[in-house]
Amino acid sequence: MAAQKVIVIGGGIGGLTAALALLKRGIDVELYEQASELREVGAGIQISSNGTRVLYALGLEAALAAIQVKPVRRVLRHWQTGETWNWFELGDVSIERYGTPHLMLHRGDLHAALTDAVRRAKKDAIHLGKRCVAVEDSGDAVGVRFDDGTSATGACLIGADGIHSGVRRLLFGLDRPVFTGCVAWRGLIPLEQLPAHLQRLVGTNWLGPHGMVLHYPIRRGELMNFISVVERDDWQIESWVIAGTTSELANDFKGWHGDVQTLIEAIATPYKWALMVRPPMERWSRGRVTLLGDACHPTLPFLGQGAVMAIEDGYVIAGCLEKYFADPERAFERYEDLRRERTSTVVKKAHENRVMAFEPRLAEENAVAEAIALDWQQIRVKERLDWIYSYDATAVVI
Ligand SMILES: Cc1cc2nc3c(=O)[nH]c(=O)nc-3n(C[C@H](O)[C@H](O)[C@H](O)COP(=O)(O)OP(=O)(O)OC[C@H]3O[C@@H](n4cnc5c(N)ncnc54)[C@H](O)[C@@H]3O)c2cc1C
């Protein structure tokens, strides 16, 4: 019966995880995605142990093993001299400490693994070319209309439609993003095009006074993912798919070490987007409709947790709906109680990390050792990351 189904709007990492977690609990799902084919942008993604714990619980361990890089460690490098410090260990250390690994993946590969798993659980669960334009909560069911004139009905609805969420707008009105003063760049490089010393299976953070560069290997070590952030106020479009030019990117990192220049030169098409922040939402749900992932708690990328939070949300919301299926309002109230504090702390800490990510002391030769020792040494890293990585969404008591 239509009214026994959960409707998910959005087939990103969050929506697919929620759909899979619901299907695994025997709850029927229809997922509607606006794109006419399922794909993700060509970029990397890090899934820390708190995310892999959920993906493993959903049966994805073997699928991930075929596409992953399990990096040995993260290292820090000085923007100008190239001096290198070991930052923190990953690989087997992550497994010993947290039980599951920290993985580096191509977003498209992760997306495909989730899509396959959803389709294995229910062949026709995913509907493409369906842009949601209206949602109506009648009190005992939810109706949704799409831009092709079709409609659907379910018992409740999850808006997993990302940072520019239309479901959020329908429920709570327009949001007010504020520009951070930072522009990010992304790009991919075939690993074999890089010199041998840049091909290592480690994540590298280049620290600089007014910018940062991060690169890590993905897709079994076939590609290097490049991300950088720079203080700049002349680009304020928040889109993942607008291309910039190599010379513009190189200009943003003028004076940086030769290895950074080598990486930049090797990127076929660099993409740029403005980083925005939004004040935390007081509520995510209204009646039989709720939000998940970037739709309700978009975060800056400085902790690498946006998608991981969406994955955790997806698992927890499925547990809440299993327990309170007859009363979705109660299910969503419990879901918010379980998820709001954690996700808003991640958003807040990622914002604080944005301040730390740029290290003005690195402009002064004498202050480098102190800056690294004070803010980047092991103990501080543990303080900063343990509470995130050790969280177990699969053990949350609903
Ligand atoms: C530079 C950068 C690096 C990042 N790195 C990491 C990282 O290493 N680790 C990490 O965990 N996170 C990272 N993130 C964050 C992560 O990308 C997001 O948090 C994550 O993709 C959110 O997933 P989502 O499913 O909520 O939304 P999305 O992935 O945006 O998916 C939303 C889906 O909804 C669909 N949709 C939208 N509107 C409609 C509609 N009206 N009808 C139907 N469908 C619709 C869209 O087409 C899309 O498929 C990074 C982000 C940035 C910017």
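1. A good place to start is the pairing of β13 with strand β14 (residues 211–218): in this predicted model, the two strands run antiparallel and share four bridges. Three residues make up the hairpin that links β13 to β14. If you would like one pair to look for, find N205, which sits opposite L214 in β14.

2. β13 also pairs with strand β4 (residues 73–78), this time in the parallel sense, through five bridges. Here N205 appears again, as the bridge partner of L76.

3. How much of β13 is buried? Five of the five residues in this strand (residues 203–207) are buried. G203, N205 and L207 point one way, while T204 and W206 point the other way, and the residues on both sides are buried.

4. Now for the nonpolar cores. In soluble globular proteins, nonpolar side chains tend to be buried together. The largest core here has 69 residues, and the members that touch the most others are I9, L110 and L321. Helix α9 (residues 306–323) supplies the largest share of this core, with nine residues.

5. L110 deserves a closer look. Which residues does L110 contact, leaving aside its neighbours within four places in sequence? They are I13, I45, I47, L55, L64, I67 and L105.

6. Please do not miss the second core, which is separate and has 32 residues. Among its members are Y98, I227, I388 and Y389.

Conventions: Residues numbered from 1 in each chain as written. Predicted model: local features only at pLDDT ≥ 70, side-chain atom pairs only at ≥ 80, totals over all residues. Heavy atoms only, no water. Buried < 20%, exposed > 50% of the residue type's maximum accessible area, 1.4 Å probe, protein only. Pairing = 2+ DSSP bridges. Core = buried A, V, L, I, M, F, W, Y, C linked by side-chain atoms within 4.5 Å. Contact = heavy atoms within 4.5 Å.
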